[in-house]
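Student: I would like to go through the charged side chains of this model. Please keep the answers short.

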Amino acid sequence: MKALPKTLKILGLSLYVLAIVGVLVFAIPATGWRALSVQTGSMTPAIRPGALVIVHDIPATKLKVDDVITYKSSTVPNETITHRITQINYQSGSIYNVITKGDANKGADTPVVPKQIVGRVTSHIPVLGTISDWL
């Protein structure tokens, strides 16, 4: 019975260290990683509201159709949108813009230029975005 408190203490300390490492990785822009919460159902059923998306900054040249990306809104300051690339348009051999669409949306979004792109979504964790917002 004496081992249980020690085990709980070690578990608590491990979770604390893991949380600190996570905050450092996602809070320092130089790492190229961001964790963002999903606010709407536009990507349902693939990514539901309240999920936490893990976004990695990559060069626009590495993007391809069907990648899910997060980009900065051109109309609402500090708003990011996470949608799927449906088309990539080139001009003079480089990416001019990409067309995105939420899986649950009927129509495509306004074209996104490379400077708006935050990065490609590498994974998502259901519900954790809601918890993150709450904290």
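Student: Is Lys 64 buried or exposed, or partly exposed, and at what relative accessible area?
Tutor: Three classes are used: buried is under 20% relative accessible area, exposed is over 50%, and partly exposed is in between, with a 1.4 Å probe and protein chains only. Lys 64 falls in the partly exposed class, because its relative accessible area is 47%.

Student: What kind of model is this, and how are residues numbered?
Tutor: This is a predicted model, in which local features need pLDDT of at least 70 and side-chain atom pairs count only at pLDDT 80 or more, while totals for chains, interfaces and linings use all residues. Side-chain values use heavy atoms, with hydrogens and water left out, and residues are numbered from 1 along each chain as its sequence is written.

Student: Which side chain meets Lys 64 in a salt bridge?
Tutor: A salt bridge here is a side-chain nitrogen of Lys or Arg within 4 Å of a carboxyl oxygen of Asp or Glu. For Lys 64 the N to O distance is 3.2 Å. The partner is buried, at 7% relative accessible area. It is Asp 67.

Student: How many residues apart in sequence are the parts tied together by Arg 120 and Asp 67?
Tutor: These two side chains form a salt bridge at 3.3 Å, N to O. Arg 120 lies in strand 6 (residues 117–125), and Asp 67 in the loop between strand 2 (52–56) and strand 3 (68–72); strands are DSSP runs of E with at least two residues, numbered from the N terminus. The pair therefore ties together parts whose separation is 53 residues.

Student: Which residues are linked in a network of salt bridges?
Tutor: Asp 67 pairs with Lys 64, and Arg 120 pairs with Asp 67. The network thus holds Lys 64, Asp 67 and Arg 120.

Student: Which residue forms a salt bridge with Asp 103?
Tutor: The closest N and O atoms are 2.8 Å apart. Asp 103 is partly exposed at 29% relative accessibility, and lies in the loop between strand 5 (94–101) and strand 6. The partner is in strand 4 (residues 80–91), so the pair ties together parts 19 residues apart in sequence. That partner is Arg 84.

Student: The side chain of His 83 reaches which backbone nitrogen?
Tutor: His 83 is found in strand 4 and counts as buried, at 5% relative accessibility. Its side chain reaches the backbone nitrogen at 3.5 Å. The residue reached is Gly 102.

Methods
Helices (H or I, at least four residues) and strands (E, at least two) are DSSP runs, numbered from the N terminus. A polar contact is a pair of N or O atoms within 3.5 Å; within protein, one must be able to donate a hydrogen and the other to accept it, and residues adjacent in sequence count only if both atoms are side-chain atoms.
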